[in-house]
Every structure is written in structure tokens, then in C-alpha cells.
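Got your viewer open? Load the model, spin it around a little, and keep your selection tool handy. We'll go stop by stop.

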Amino acid sequence: RAIHHQGWLSTTGLQIGDTMFGRNAELSAIKEAYRRTVAGDNELVAIYGHSGTGKSTLAHEFGKYVLLDGGILLLGKFDQRQQ
């Protein structure tokens, strides 16, 4: 049975299924901030942008990294349409 993955192109990259393309710079910056916090620094990272630009995917990719490292991840999301 063939599996078909639907992909989409956003202003910041391409996503096919759970795989993210084109956000490596942002993901690297967030990982660096995480590494600094593990070393004792204080950091705050906010992911923001227009709808459909891959913010949730970026956060989930980062979350996988944190969890594999044994860390704890807190995510929040605000949906203006569901107030």
C-alpha cells in the first residue's frame, strides 16, 4: 500500500508530513538558546509569525530535541478564533 504525503510550501520553507525543510537557521538558534540554559544562563524564546509559516512544526521539532536530551518542554498556543 502506497503512502501519500501531502506537502505545502510556506513563506519560510517546505513541510512534508512531519519533516520540516527551510527552518534550519531558526531551529539552530533555538537549540543554542537551550544549550545556554542548560549551562546556567537565562533565556526566553518566542516563536511568532503569520498563520501557516511553520511555527508549530518548528516548536515540535525543537521539542523532540529537548525530550531526547532529557529536558522538560512547555508549549503554549493562542488561537484568536477560539476565544
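What share of the contacts in the chain with a separation of 6 or more comes from residues 24 or more positions apart? For this predicted model, the figure is 44%. Keep that in mind as you click around.

**Stop 1: the whole chain**

Start with a cartoon view and colour by secondary structure. You should find two helices and three strands. Follow the chain from the N terminus and the elements come in the order β-β-β-α-α. Now switch to a surface view: of the 83 residues, 20% count as buried.

**Stop 2: arginine 23**

Select arginine 23, in the loop between β3 (19-21) and α1. Is this residue buried or exposed? Arginine 23 counts as buried because its relative accessible area is 7%, and the cut-off for buried is under 20%.

Show the side chain as sticks and look for two partners. One is threonine 53: the arginine 23 side chain reaches the backbone oxygen of threonine 53 at 2.4 Å. The other is glutamate 26, which forms a salt bridge with arginine 23, with 3.6 Å between the closest N and O atoms. Glutamate 26 is partly exposed, at 30% relative accessibility.

**Stop 3: along helix α1**

Next, select residues 24-38, which make up helix α1. Add sticks for glutamate 32 and arginine 35. Their side chains meet in a salt bridge, 2.9 Å from N to O. Why are these two separated by about one helical turn? Because they sit three residues apart in helix α1. Both ends of this pair are partly exposed: arginine 35 has a relative accessible area of 37%, and glutamate 32 comes in at 36%.

Stay in helix α1 and pick tyrosine 34. Buried or exposed, what would you say about tyrosine 34? At 13% relative accessibility, tyrosine 34 counts as buried. Show what surrounds this residue: leaving aside neighbours within four places in sequence, tyrosine 34 is in contact with Phe62, Tyr65, Val66, Asp69 and Gly71. If your viewer has a distance tool, try the C-alpha atoms of tyrosine 34 and valine 45. These two residues are 11 apart along the chain, and their C-alpha atoms are separated by 9.0 Å.

One more click in helix α1: arginine 36. Arginine 36 is partly exposed, at 34% relative accessibility. Which residues does arginine 36 touch, not counting those up to four places away in sequence? Look for Asp41 and Glu43.

**Stop 4: over to helix α2**

Select residues 55-68 to light up helix α2. Put sticks on lysine 64 and glutamate 61, and you'll find a salt bridge with the closest N and O atoms 2.9 Å apart. Lysine 64 and glutamate 61 are three residues apart in this helix, so about one helical turn separates them. Lysine 64 is partly exposed, with a relative accessible area of 44%.

How many salt bridges does the count come to? The answer is four, and this tour has visited the pairs arginine 23 with glutamate 26, arginine 35 with glutamate 32, and lysine 64 with glutamate 61.

**Stop 5: the largest pocket**

Turn the surface back on and go pocket hunting. The largest pocket has a volume of about 1000 Å³. Its lining is made of 32 residues, and those closest to its centre are Ile47, Lys55, Ala59, Leu75 and Gly76. Select those five to centre your view. The elements that give two or more residues to the lining are α1 and α2. Which of the elements gives the largest share? That would be α2, with seven residues.

Try colouring the lining by residue type. You'll get 15 nonpolar, 12 polar and five charged residues.

**Last stop: glycine 76**

Finish with glycine 76, one of the residues closest to the pocket centre. Glycine 76 lies in the segment after α2. Is glycine 76 buried or exposed? Glycine 76 counts as exposed because its relative accessibility is 76%, and exposed means over 50%. For a final distance, pick the C-alpha atoms of glycine 76 and serine 56: they are separated by 9.8 Å, and the two residues are 20 apart along the chain.

Note on methods. Residues numbered from 1 in each chain as written. Predicted model: local features only at pLDDT ≥ 70, side-chain atom pairs only at ≥ 80, totals over all residues. Heavy atoms only, no water. Buried < 20%, exposed > 50% of the residue type's maximum accessible area, 1.4 Å probe, protein only. Helix = DSSP H or I, 4+ residues; strand = E, 2+ residues; numbered from the N terminus. Polar contact = N/O pair within 3.5 Å; in protein donor to acceptor, adjacent residues only side chain to side chain. 1 Å grid on protein atoms, 1.4 Å probe; cavity = no way out; pocket = protein on both sides within 12 Å on 5 of 7 lines; lining within 4 Å. Points joined across faces, edges and corners; volume = space filled by probe spheres on them. Nonpolar A, V, L, I, M, F, W, Y, C, P; charged D, E, K, R; others polar. Contact = heavy atoms within 4.5 Å.
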